[in-house]
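Hi,

Here is the structure I promised to pass on to you. Have a look at it first, and then read my notes below with the picture open beside them.

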Amino acid sequence: MEEKQRIIQELVPGRQITLAHIIANPDNILYEKLGLNPAVEYDKSAIGVLTISPAETAIIIADIAMKASGVDLGFVDRFSGSVIVTGTVSQVEAALEAILHYTEETLGYTVCKITRT
């Protein structure tokens with residue numbers, strides 16, 4: 001008789017930001033596909049996408065983003081660590097820079113570089 005192996009998978013989140021991306025001048029359909037309110041979001045010129053662990057830190061970075069540059073929150077998920085912000089390119093960039101600075105310097109997180117498309 002063949003012995004079955006039992007595999008247990010665990011998520012051990014690090015303290016890190018794994019994605020900080022700016023989408024400059026996205027097509028309007030992208031706002032709709034992300035579930036963002038088109039009436040509000042079409043006036044914006046950029047979308048910022050972040051992922052962070054532990055996931056609860058998404059609440060903190062959402063607060064930092066709004067206070068740093070006046071971006072609007074598109075989505076915050078404290079269970080997956082995903083945050084989406086919208087605003088002008090300069091607002092989104094300032095928000096992401098403030099988030100990376102705070103999490104690295106104050107919280108001791110490992111952070112990635114900001115990328116852009």
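In what order do the five strands sit in the open sheet? Going across, it reads E3-E4-E2-E1-E5, and the pairing is mixed. Before you go further, keep in mind that this is a predicted model.

**The overall layout**

The chain has four helices and five strands. If you walk along the sequence, you meet them in the pattern β-α-α-β-α-β-β-α-β. Of the 117 residues, 33% count as buried. Among the contacts with a separation of 6 or more, 63% are between residues 24 or more positions apart.

**Across the sheet**

A bit of background: strands of a sheet pair through backbone hydrogen bonds, and they can do so in parallel or antiparallel fashion. Both kinds turn up here, so let's go through some of the pairs.

Start with E1, which covers residues 16–24. E1 and E2 run antiparallel and are joined by eight bridges. To find this pair on screen, look for Ile-17, which stands opposite Ile-52 in E2. E1 also pairs with E5, this time in the parallel sense, over two bridges. Here His-21 is a handy marker, standing opposite Thr-115 in E5.

Now for E3 and E4: these two run antiparallel, with five bridges between them. Asp-77 stands opposite Ser-82 in E4. The two strands form a hairpin with four residues in between, and Gly-81 in that turn has a positive phi of about 80 degrees.

Which strands are at the edges of the sheet? They are E3 (72–77) and E5 (115–116), each of which pairs on one side only.

**Helices on the sheet**

Helix H3 (residues 57–69) packs on the sheet, where it touches E2 (46–53), E3 and E4 (82–87). The direction of H3 makes about 175 degrees with that of E3. Helix H4 (residues 89–105) lies across E1, E2, E4 and E5, and runs at about 170 degrees to E1.

How do H3 and H4 pack against each other? In general, two packed helices are described by the angle between their axes and the distance between the axes. For H3 and H4, the angle is about 130 degrees and the axes are 8 Å apart. That angle is why H3 counts as oblique to H4. H3 passes H4 in a right-handed crossing.

On the H3 side, the contact is made by Ile-60, Ile-61, Ile-64, Ala-65, Ala-68 and Ser-69. H4 brings Gln-91, Ala-94, Ala-95, Ala-98, Ile-99, Tyr-102 and Thr-103. Sorted by class, that contact has ten nonpolar residues, three polar ones and no charged ones.

**A few residues to click on**

*Thr-51.* You'll find Thr-51 in strand E2. Is Thr-51 buried, exposed or partly exposed? Its relative accessible area is 22%, so Thr-51 counts as partly exposed; the cut-off for buried is under 20%. Leaving aside its neighbours within four places in sequence, Thr-51 is in contact with Gln-16, Ile-17, Thr-18, Leu-19, Gly-81 and Ser-82. Thr-51 and Asp-77 are 26 residues apart in sequence, while in space they are 9.5 Å apart, C-alpha to C-alpha.

*Ser-90.* This residue lies in helix H4. Ser-90 counts as exposed because its relative accessibility is 53%, and the cut-off is over 50%. Ser-90 and Ala-46 are 44 residues apart in sequence and 8.6 Å apart in space, again C-alpha to C-alpha.

*Asn-25.* Look in the loop between E1 and helix H1 (28–33) for Asn-25. Asn-25 has a positive phi of about 50 degrees, although it is not a glycine. With 61% relative accessibility, Asn-25 counts as exposed.

*Pro-54.* Pro-54 is in the loop between E2 and H3. Where is the cis peptide bond that involves Pro-54? It is the one from Ser-53 to Pro-54, with omega near 0 degrees.

Have fun clicking around!

Cheers

Definitions and conventions
Residues are numbered from 1 along each chain as its sequence is written. This is a predicted model: local features need pLDDT of at least 70, side-chain atom pairs count only at pLDDT 80 or more; totals for chains, interfaces and linings use all residues. Side-chain values use heavy atoms; hydrogens and water are left out. Two strands pair if DSSP finds at least two bridges between them. Contact means heavy atoms within 4.5 Å. Axes are lines fitted to C-alpha atoms, for helices over the stretch in contact, and angles run from 0 to 180 degrees between N-to-C directions. Angles under 35 degrees count as roughly parallel, over 145 as roughly antiparallel, 65 to 115 as roughly perpendicular and the rest as oblique. A crossing is left-handed if the near helix is turned anticlockwise from the far one by less than a right angle, and right-handed if clockwise. Ala, Val, Leu, Ile, Met, Phe, Trp, Tyr, Cys and Pro count as nonpolar, Asp, Glu, Lys and Arg as charged, and the others, Gly among them, as polar. Buried means under 20% relative accessible area, exposed over 50%, partly exposed in between (1.4 Å probe, protein chains only).
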